[in-house]
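Let's take a walk through this model together, moving from charged pairs to a pocket and then to one of the helices. Keep the 3D view open as you read.

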Amino acid sequence: MNRVSDELPELPEYAERVLDVAERIPPGRVMTYGDVAEWLGEGGPRQVGRVMALYGGGVAWWRVVRADGALLPGHELRALGHYREESTPLREASRSAEGHVPRLDMRRARWDGGALDGAGSRDGGAVGRDGAGRAEDIPLEAGAEREVGGGAAHI
């Protein structure tokens, strides 16, 4: 007989770091998959996207986005509800756009990982830090819990 464990599987270290960055993105702002990877100094957009697909349900997943501002296919309406609730800058879709789904206004919504006042970088949102100011340098809230795969993981 197989015994089901009450313990959640341990989150891979890289996934933990990606989710930590996603949790720090302020309401109304976004980072691209590539921005997160660049901020961490490791991986790339596909690796960040994979982490978000597997483990991102317990964080503000709608704040980690495609670089072109298109909403996540299959999750457009849920994401759009979050964006409107948080007043995230959007660009209305043209009449020729399929489904008339708006896109994110990346110039205004993109967050560079700086101060929580929402100020973006002057260069359109690049997040390179030359080795300083990485996500692991920002202290975590002790005892915080994050939902992972339907349960909570203690961090």
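A good place to begin is a small group of charged side chains: E13, R17 and E42 are joined in a network of salt bridges. Bear in mind as you look that the model is predicted. Side chains of opposite charge can pair when their charged atoms come close. Within this network, R17 bridges to E42, with 2.4 Å between the closest N and O atoms. The two partners come from distant parts of the chain, 25 residues apart: R17 belongs to helix 1 (residues 13-24), while E42 sits in the loop between helix 2 (33-40) and helix 3 (45-55). How covered are they? R17 has a relative accessible area of 13%, so it falls under the 20% limit and counts as buried. E42, at 35%, is partly exposed, because its value lies between the 20% and 50% limits.

How many salt bridges does the structure hold? There are seven, and two further ones deserve a visit. In one of them, the side chains of R63 and E86 meet at 2.5 Å, N to O. This pair also connects distant parts of the chain, with R63 in the loop between helix 3 and strand 2 (64-65) and E86 in helix 4 (residues 76-86), 23 residues apart. Both R63 and E86 are buried.

The other pair is D68 and R103, whose side chains form a salt bridge at 3.6 Å, N to O. Because D68 is in the loop between strand 2 and helix 4 and R103 is in strand 4 (residues 103-104), the bridge ties together parts that are 35 residues apart in sequence. D68 has a relative accessibility of 37% and counts as partly exposed; R103, with a relative accessible area of 36%, is also partly exposed.

Back in helix 1, have a look at D20. Is D20 buried or exposed? Its relative accessibility is 9%, so D20 counts as buried. D20 also has a partner in space that is far off in sequence: V59 is 39 residues away along the chain, yet the two C-alpha atoms are 8.8 Å apart.

Next, turn to helix 2. This helix is mostly covered, with six of its eight residues buried. Those buried residues are Y33, D35, V36, A37, W39 and L40. What do they pack against? Their neighbours are helix 1, strand 1 (31-32), helix 3 and strand 2. Just after helix 2 comes G41, which has a positive phi, near 75°.

Finally, consider the open space. Rolling a probe the size of a water molecule over the atoms shows where empty space is left. The largest pocket has a volume of about 260 Å³. It is lined by 17 residues, and those closest to its centre are Y33, M52, W61, L72 and H75. You have already met Y33 as one of the buried residues of helix 2. Which elements give two or more residues to this lining? They are helix 3, strand 2 and helix 4, and helix 3 gives the most, with three residues. By residue type, the lining divides into 11 nonpolar, four polar and two charged residues.

Key. Residues are numbered from 1 along each chain as its sequence is written. This is a predicted model: local features need pLDDT of at least 70, side-chain atom pairs count only at pLDDT 80 or more; totals for chains, interfaces and linings use all residues. Side-chain values use heavy atoms; hydrogens and water are left out. A salt bridge is a side-chain nitrogen of Lys or Arg within 4 Å of a carboxyl oxygen of Asp or Glu. Helices (H or I, at least four residues) and strands (E, at least two) are DSSP runs, numbered from the N terminus. Buried means under 20% relative accessible area, exposed over 50%, partly exposed in between (1.4 Å probe, protein chains only). On a 1 Å grid over the protein atoms alone, a cavity is a set of points where a 1.4 Å probe fits but cannot get out, and a pocket is an open set with protein on both sides within 12 Å along at least five of seven lines; lining residues have an atom within 4 Å of a point. Grid points are joined across faces, edges and corners, and a volume is the space filled by probe spheres set on the points. Ala, Val, Leu, Ile, Met, Phe, Trp, Tyr, Cys and Pro count as nonpolar, Asp, Glu, Lys and Arg as charged, and the others, Gly among them, as polar. Contact means heavy atoms within 4.5 Å.
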